[in-house]
Amino acid sequence: MLKFMTPLLVVRDMARSKAFYTELLGLEIVTDLGANVTLTGGIALQTLESWQGFIEKEEISFGGGCGELYFETFGIEEFAEKCAEKGVPLVHPLKEHGWGQRVIRIYDPDGHILEIGEAMPAVVQRFLDSGMSIEQVAQRMGIPLEYLTQPPQG
């Protein structure tokens, strides 16, 4: 039986990446082994040099845009403002998806894409606060009413 452990991102400059993830995203360092750092949320950072040795390849591609790490926050506007203040490169600015969730996608220092989305309970509450009924919220978000009215399972 396999057990998934953690996503691992290869980074060119460990100090720069640690600062980015701790200062901008508020993650904490759980374990720092120099060439490998584990952050809260289970994300691991690995130095480029050590990674090249592990896979026995010199050429590594960054910024392929074929995946992302996904985060949620109850303060999406504040996070978008923080990104603007710090000059964080954007995949796209704050936008609203069809189901009503507001998101911003950014690049980390090595071109990995991070999506920061408005926490789903905040989306629901925003719609309810606007005067929508729970049935209208379900319809607006394209989800079954039971998703909003029953406690989460498991």
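**Exercise 1. In which sense do β1 and β4 pair, and over how many bridges?**

Before starting, note that this is a predicted model, where local features need pLDDT of at least 70, side-chain atom pairs count only at pLDDT 80 or more, and totals for chains, interfaces and linings use all residues. Numbering runs from 1 along each chain as its sequence is written, and side-chain values use heavy atoms, with hydrogens and water left out.

Step 1. Get the elements: helices (H or I, at least four residues) and strands (E, at least two) are DSSP runs, numbered from the N terminus.

Step 2. Look at the pair: β1 and β4 run parallel, with 4 bridges. Two strands pair if DSSP finds at least two bridges between them.

Step 3. Pick out a partner: V11 sits opposite T47 in β4.

**Exercise 2. Work out the strand order of the sheet and what flanks β4.**

Step 1. The sheet is open, has 4 strands in the order β1-β4-β3-β2, and its pairing is mixed. β1 (8-11) and β2 (29-32) are the edges; each has a single partner strand, so one side of each lacks a neighbour in the sheet. On average, neighbouring strands are turned by 20° against each other, direction ignored.

Step 2. Now go to strand β3 (residues 36-39), which is antiparallel to β4 and joined to it by 3 bridges. N36 has Q46 of β4 as its bridge partner, and T38 stands opposite A44.

Step 3. Check the connection: β3 and β4 make a hairpin with 4 residues between them, and G41 in the turn has a positive phi of about 90°.

**Exercise 3. Is T47 buried or exposed, and what does T47 touch?**

Step 1. Place T47 in strand β4 (residues 44-47).

Step 2. T47 has 13% relative accessibility, so it counts as buried (buried means under 20% relative accessible area, exposed over 50%, partly exposed in between, with a 1.4 Å probe and protein chains only).

Step 3. Leave out neighbours within four places in sequence, and T47 contacts V10, V11, M14, G34 and A35; contact means heavy atoms within 4.5 Å.

Step 4. Compare directions: A44 and Q46 point one way from β4, L45 and T47 the other way, and all are buried. In a regular strand, side chains alternate between the two faces of the sheet.

**Exercise 4. Describe how helix α2 sits on the strands.**

Step 1. Helix α2 (residues 48-55) lies across β1 and β4, at about 85° to β4. Axes here are lines fitted to C-alpha atoms, for helices over the stretch in contact, and angles run from 0 to 180 degrees between N-to-C directions.

Step 2. L48, S50 and Q52 are the buried residues of α2, and these pack against β1 and β4.

Step 3. Just past α2, E56 takes a positive phi of about 55°.

**Exercise 5. Characterise the packing of α4 on α5.**

Step 1. Helix α4 (residues 120-129) and helix α5 (residues 134-141) pack at about 125°, with axes 9 Å apart. That makes α4 oblique to α5 (under 35 degrees is roughly parallel, over 145 roughly antiparallel, 65 to 115 roughly perpendicular and the rest oblique).

Step 2. List the contact: M120, V123, V124, F127 and L128 come from α4, and I134, V137, R140 and M141 from α5.
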